[in-house]
Amino acid sequence: MSVERDVMEYDVLVVGGGPSGLSAAIRLKQLAAEAGKELSVCLVEKGSEIGAHILSGAVFEARALNELIPDWKAKGAPLNVPVVGDDVYFFRSETAAFKMPGLFVPKPMHNEGNYVISLGNLCRWLGQQAEALGVEIYPGFAAQHAIIEDGVVKGVTIGDMGINHKGEHKADYAPGMELRAKYTLFAEGCRGHLGKQLIAQYQLAKDADPQHYGIGIKEIWTIDPAKHKPGLVVHGAGWPLDLLGTDAMGGAFLYHFENNQVVVGLIVDLSYTNPYLSPFDEFQRFKHHPVVKQYLEGGTRTAYGARALVKGGLNSLPKLTFPGGVLIGDDAGTLNYAKIKGSHTAMKSGMLAAEAAAEALFAGSEGGDELTGYTAKFKASWLYDELYKSRNFGVFLHKFGALIGGAINWIEQNIFGGKFPFTMHDLKLDYASLRLAADSKKIEYPKPDGKLSFDKLSSVFLSSTNHEEDQPVHLVLKDKTIPIAKNLPMYAEPAQRYCPAGVYEVVGEGDAQRFQINAQNCVHCKTCDIKDPAQNINWVAPEGGGGPNYANM
Amino acid sequence: MKVLVSVKRVVDYNVRIQIKPDGSGVVTDGVKHSMNPFDEIAMEEAVRQKEKGKVTEIIAVTLGGAKNEETLRTALAFGADRAIHVKEEGEIQPLTAARALAALVKKEGAQVLFTGKQAIDDDANQTGQMTAALLDLPQATFASKVELDAGKATVTREIDAGLETLEVTLPAVITTDLRLNEPRYLKLPDIMKAKKKPIETVSFADLGVQPAPGLKTVKTAPPPSRSKGIMVKTVDELVSALKAKGLV
């Protein structure tokens with residue numbers, strides 16, 4: 001069935017309005033202005049507005065922003081809360097914690113000069129800067145397919161609007177248009193659904209280690225002003241996850257933000273092994289730890305959300321270029337896990353890609369080729385140096401646990417300056433790490449108390465998530481029988497637990513058991529696409545504008 | 001026939017509203033805003049009337065700060081021919097808005113002012129009515145069906161007892177209810193074109209409007225949270241529980 005599609009052509013198309021995409025768009029326009037040339041730049045974003053799908057801690061390192069917009073302060077960038085203190089805890093049990101003396105905190109974990117920010121608000125501001133420079137930004141439109149002709153990426157097709165759950169056209173059907181460009185920069189963030197296909201199609205990851213992921217769950221709380229210490233940054237490892245073991249790794253954060261707000265979150269590595277583990281419930285019980293409770297008690301939870309993050313670092317980084325396009329930011333995987341920061345690295349990668357694209361276009365390129373200049377610039381940049389120094393961090397943790405791995409990392413970072421003369425590799429795939437349910441211990445999570453901890457549905461409600469009801473399910477099972485026939489007996493269908501939004505349920509009894517997908521709840525975190533042991537769930541973009549409407553995340 | 005459509009920028013209906021800790025209002029910083037859904041219906045109606053050949057020109061108007069421009073861009077993407085931004089920062093109360101709209105209806109010689117029956121932020125449900133009163137024009141509120149003819153409009157309204165059909169002479173004010181129509185998806189090419197259309201900016205002073213800050217927000221408070229339910233095992237238990245609460 002072919003439909004007539006409107007077509008627009010640009011010099012550069014950016015897919016995704018996060019830190020990397022927006023920085024790339026801004027940089028392109030800056031370079032065009034400096035050179036006195038015209039560059040048409042279009043950016044599409046599946047969220048209902050710029051920032052609606054952005055979720056991050058976030059402690060922000062301003063290095064890339066300083067380069068991109070040196071007068072960001074005068075222009076009102078929302079960097080209002082400088083970090084005033086770094087507390088690092090090892091949580092030994094649900095009540096005990098050991099505060100690490102500053103001396104033993106590895107260098108990448110020091111945050112002097114950084115800011116506690118809302119990355120969503122920074123992106124909103126970057127969006128305004130980009131529009132002021134002439135970037136055309138279209139939120140509420142999801143890139144559905146990459147247009148590939150003769151092996152060359154020519155742009156994207158925007159998803160159709162007005163298709164019902166059976167796949168038929170509704171009265172208000174509107175075909176998505178084709179956005180074509182000389183170069184397309186894919187900036188969808190962790191596990192972008194187009195990035196994933198491009199990595200496969202162009203075999204971009206064939207020389208890289210497997211990618212590794214985590215799921216980050218975050219809440220915003222308004223707390224008692226007497227307990228609020230703007231700029232205090234708290235990180236922790238250990239309970240409720242492993243401190244010495246490697247079955248369930250991850251880390252927690254609690255940052256004191258502005259307006260008596262505290263953001264609190266837990267990152268669970270998706271290499272966890274127990275199929276009964278529920279990142280959501282681990283996070284809920286984590287908030288009862290005295291170190292956390294002391295701040296949250298008596299406060300009000302105002303927002304909730306979750307997003308997968310990419311943490312394989314340099315070893316897992318795919319090839320960045322293919323004919324007609326590049327991957328930037330976490331669509332490639334530029335997050336620095338040792339720093340637990342990906343915003344400045346994503347921004348820098350976008351800027352480097354923009355510089356390469358601008359150079360090529362100014363030299364008369366008609367596009368369609370590989371922007372190898374981007375790879376060269378990347379290798380010569382501080383971004384590469386930074387990722388190189390951190391390349392072993394995740395592997396140390398996965399192999400030796402948080403405590404021992406952390407100690408080895410301290411030695412590498414603080415004594416060897418991040419440059420051990422060897423590189424470690426972590427070749428186990430996250431989706432292949434689950435043990436069979438029969439070999440695993442069931443985890444009984446405490447009931448939420450409604451004060452510090454909550455159930456999933458009331459949490460999802462706080463993400464202001466909405467999807468048009470009558471549309472095809474955007475979580476596509478390659479084989480519909482696998483959840484009940486295989487995943488359920490083997491792994492007690494872990495989707496019910498790893499999904500932080502209650503999308504997946506096994507309902508009914510005995511032979512009537514079926515796998516239910518509540519796609520409307522989906523907060524677009526992509527965890528299912530990553531962790532399903534059968535790799536049977538394919539996350540595709542729903543109708544544009546759907547998904548969470550995060551504020552201040 | 002020239003029509004004016006008034007569109008307001010409000011916190012998006014999907015957003016879970018939060019009250020500022022000091023009770024002075026709701027949190028709007030960093031929160032997604034969009035066109036008031038009832039105004040979208042008004043906009044859609046104007047466009048449909050134009051498609052039917054009843055309307056020749058649609059002028060969208062909004063009142064508010066710089067960010068309201070995006071609401072006007074949405075209106076232009078719907079199909080407004082031009083847009084007027086009454087640019088004023090700060091709170092604009094219904095009577096002030098009505099004065100500005102009245103001035104614009106007069107200035108433009110609009111035959112109909114279409115606007116949502118109310119905005120979902122303050123739920124005031126006053127602006128359309130007050131504009132009609134200020135202009136001494138007929139009004140048809142809560143429209144669920146509109147037919148425009150030369151010099152008159154036939155409007156079906158949803159009322160408690162069912163449907164009521166009114167005939168009003170034009171010019172008139174028509175406020176739109178939920179079931180009037182279902183607004184269309186905005187198409188990307190239309191949004192692209194809307195970006196390039198000019199927007200006329202005016203101030204209250206230009207319109208000779210005196211702001212009327214007659215209302216003062218004393219306090220904003222969230223609704224009481226629902227208390228936890230109890231599980232009953234039998235009908236008898238249910239009846240006695242309801243009796244104990246004095247509900248039966």
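How many residues of chain A are in contact with chain B, and how many of chain B with chain A? In this predicted model, 32 residues on the chain A side meet 21 on the chain B side. Put together, the two chains bury about 2100 Å² between them, and 61% of that area lies on carbon and sulfur atoms. If you want to know where chain A puts its weight, look at A:Y138, A:F141 and A:D172: they supply 22% of the area that chain A buries against chain B, more than any other three residues.

Now for the polar side of that interface. The rule finds one salt bridge across it, and the partners are B:K195 and A:E131, with their closest N and O atoms 3.0 Å apart. Polar contacts are there too: eight residue pairs across the interface qualify, both residues at pLDDT 80 or more. As for which elements of chain A do the touching, β1 (7-15), α3 (119-132), β8 (136-139), β11 (161-163) and β12 (169-174) each supply at least two residues of the side facing chain B. Sort that side of chain A by class and you get 14 nonpolar, nine polar and nine charged residues.

Let's move along chain A to helix α13, which runs over residues 482-491. Which of its residues are buried? The answer is A:I482, A:P483, A:N487, A:L488 and A:Y491. Looking down the axis of α13(A), you'll see these buried residues fall within an arc of 140°, so they line one face of the helix. The general background is simple: an α-helix has 3.6 residues a turn, so residues three or four places apart point the same way. And what sits over the buried residues of α13(A)? The cover includes β21 (475-477), α14 (495-498), β22 (504-507) and β23 (514-517), again from chain A. Just past the end of α13(A), A:A492 takes a positive phi of about 55°.

One last stop is a glycine, A:G342, in the loop between β20 (325-327) and α8 (343-362) of chain A. Is A:G342 buried or exposed? Its relative accessibility is 12%, and because the cut-off for buried is under 20%, A:G342 counts as buried. Setting aside neighbours within four places in sequence, A:G342 is in contact with A:L335 and A:N336. To place A:G342 against another part of the chain, take A:I137: the two are 205 residues apart in sequence, and their C-alpha atoms are 23 Å apart in space.

Definitions and conventions. Residues numbered from 1 in each chain as written. Chains lettered and ligands numbered in written order. Predicted model: local features only at pLDDT ≥ 70, side-chain atom pairs only at ≥ 80, totals over all residues. Heavy atoms only, no water. Buried < 20%, exposed > 50% of the residue type's maximum accessible area, 1.4 Å probe, protein only. Helix = DSSP H or I, 4+ residues; strand = E, 2+ residues; numbered from the N terminus. Arc of directions from axis to C-beta. Contact = heavy atoms within 4.5 Å. Buried area = accessible area lost by both parts, 1.4 Å probe. Salt bridge = Lys/Arg side-chain N within 4 Å of Asp/Glu carboxyl O. Polar contact = N/O pair within 3.5 Å; in protein donor to acceptor, adjacent residues only side chain to side chain. Nonpolar A, V, L, I, M, F, W, Y, C, P; charged D, E, K, R; others polar.
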